[in-house]
Amino acid sequence: MTTPFIEALLAAERPLVMEVKRRDADGLDLIAGRTPADIVAAYEEMGAPCISVVTGRWFGGTPELLRDVARITRLPVLQKDFITRAGHLEQARDLGASAVLLTAGLLPAVSLGKLVTAALRAGLTPFVEVTSEEELAAVPHPRDCLIAVNNKDIRRRERGQAEIDRSLDLLPALRATGTPCPVSASGIDGPAAAARLLDEGYAGLLVATALLRAPRPHDWLAELDALRAPAARQTAGA
Ligand SMILES: O=C(O)c1ccccc1NCC(=O)[C@H](O)[C@H](O)COP(=O)(O)O
């Protein structure tokens, strides 16, 4: 089963989930005086197939930020927060989310299973983040989930260096689950890392800090396009 969030990403020529996030892992401002509407308009203009909104407090988010973004855009919206209960899923849907982050490393396997099932029943795409094969093995219904490898460690508040090799190493295991849209998330700091992940076979990437900090985001994306292998560009969005 695919969902609007997964379909949008799979159909995109440049499959980047572009994120609205108020603060980086060190608490530094990422917004620079822009409104959520400014950021969403820029992302839409740059061809984002989907938008992510961090509502987690560590990153300066609030539920209202999700509601505001979902009201402005017709693109499918992912909520990134510490979702641990079915009530959070209802709240996400009421605020306008199409997809919800479920962090495998923070949830006991039983809870992850219940939340994936409840999200699917509620019409929400489970965006399940993993950092290891053990966490991946605990993801139920992988064909119905979007599974993402997080290159950072949320238990360390995403501080420190990203490990892009984690995504590269885990890709065969992700594919073996049958998940329709493997995604690499967090710490993708420039066009070179993004191009490499897409060329290696990732169907989508999630990027916040690098795009929000880019002095000229269009140039960032143009460089990504130029770096991607021609064959990969042809098959993307097919
Ligand atoms: O990963 C989580 O579990 C999490 C939970 C609650 C709020 C945010 C969470 N993660 C944050 C992110 O995943 C990053 O914002 C996202 O991947 C973008 O990373 P970056 O491009 O490095 O800003």
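# Exercises on a parallel barrel

V128 has I147 as its bridge partner in β6. Strands (E, at least two residues) and helices (H or I, at least four residues) are DSSP runs, numbered from the N terminus, and two strands pair if DSSP finds at least two bridges between them. Residue numbers start from 1 along each chain as its sequence is written. The model is predicted: local features need pLDDT of at least 70 and side-chain atom pairs count only at pLDDT 80 or more, while totals for chains, interfaces and linings use all residues.

## Exercise 1: the overall fold

Determine the strand order of the barrel and describe the dimensions of the protein chain.

*Solution.*
1. Count the elements: the protein chain holds eleven helices and eight strands.
2. Assess the compactness: the radius of gyration, taken over C-alpha atoms, is 16 Å, close to the 18 Å of the globule rule (2.2 Å times the number of residues to the power 0.38) for 238 residues, so the protein chain is as compact as a globular protein of that length.
3. Add the extents: along the principal axes, the C-alpha atoms fill a box of roughly 45 × 40 × 35 Å.
4. Follow the strands: with parallel pairing, β1-β2-β3-β4-β5-β6-β7-β8 form a closed barrel of eight strands. From one strand to the next, the twist averages 25°, where angles run from 0 to 180 degrees between N-to-C directions of lines fitted to C-alpha atoms.
5. Inspect one pair: β5 (residues 125–130) and β6 (residues 146–150) are parallel and share four bridges.
6. Consider the contacts (C-beta atoms, placed from the backbone, within 7 Å): of those with a separation of 6 or more, 67% join residues 24 or more positions apart.

## Exercise 2: strand β1

Is strand β1 enclosed or open, and which strands does β1 pair with?

*Solution.*
1. Fix the criterion: a residue is buried if 20 or more other C-beta atoms, placed from the backbone, lie within 10 Å of its own, exposed if 12 or fewer, and partly exposed in between. Buried residues make up 46% of the 238 residues in the protein chain.
2. Apply the criterion: five of the five residues of β1 (residues 16–20) are buried, so this strand is largely enclosed by the rest of the structure.
3. Sort the directions: L16, M18 and V20 point one way, V17 and E19 the other, and all are buried. In a regular strand the side chains alternate between the two faces of the sheet.
4. Find the neighbours: β1 runs parallel to β8, with three bridges, and L16 is partnered by L205. Four bridges also link β1 to the parallel strand β2 (residues 50–54), where S52 stands opposite E19.

## Exercise 3: the ligand shell

Which residues are closest to the ligand, and which elements give two or more residues to its shell?

*Solution.*
1. List the shell (C-beta atom, placed from the backbone, within 6 Å): 23 residues surround the ligand, the closest being G56, T103, S186, A208 and T209.
2. Assign elements: β4 (99–103), β8 (204–207) and α9 (209–213) each give two or more residues.
3. Classify: the shell has eleven nonpolar, six polar and six charged residues. Ala, Val, Leu, Ile, Met, Phe, Trp, Tyr, Cys and Pro count as nonpolar, Asp, Glu, Lys and Arg as charged, and the others, Gly among them, as polar.

## Exercise 4: backbone angles

Where does H141 lie, and is it buried or partly exposed?

*Solution.*
1. Locate H141: it lies in the loop between α6 (133–137) and β6.
2. Read the angle: H141 has a positive phi of about 50° although it is not a glycine. Most residues other than glycine have a negative phi.
3. Count neighbours: H141 has 17 C-beta neighbours inside 10 Å and therefore counts as partly exposed.

Definitions and conventions: Contact = placed C-beta atoms within 7 Å.
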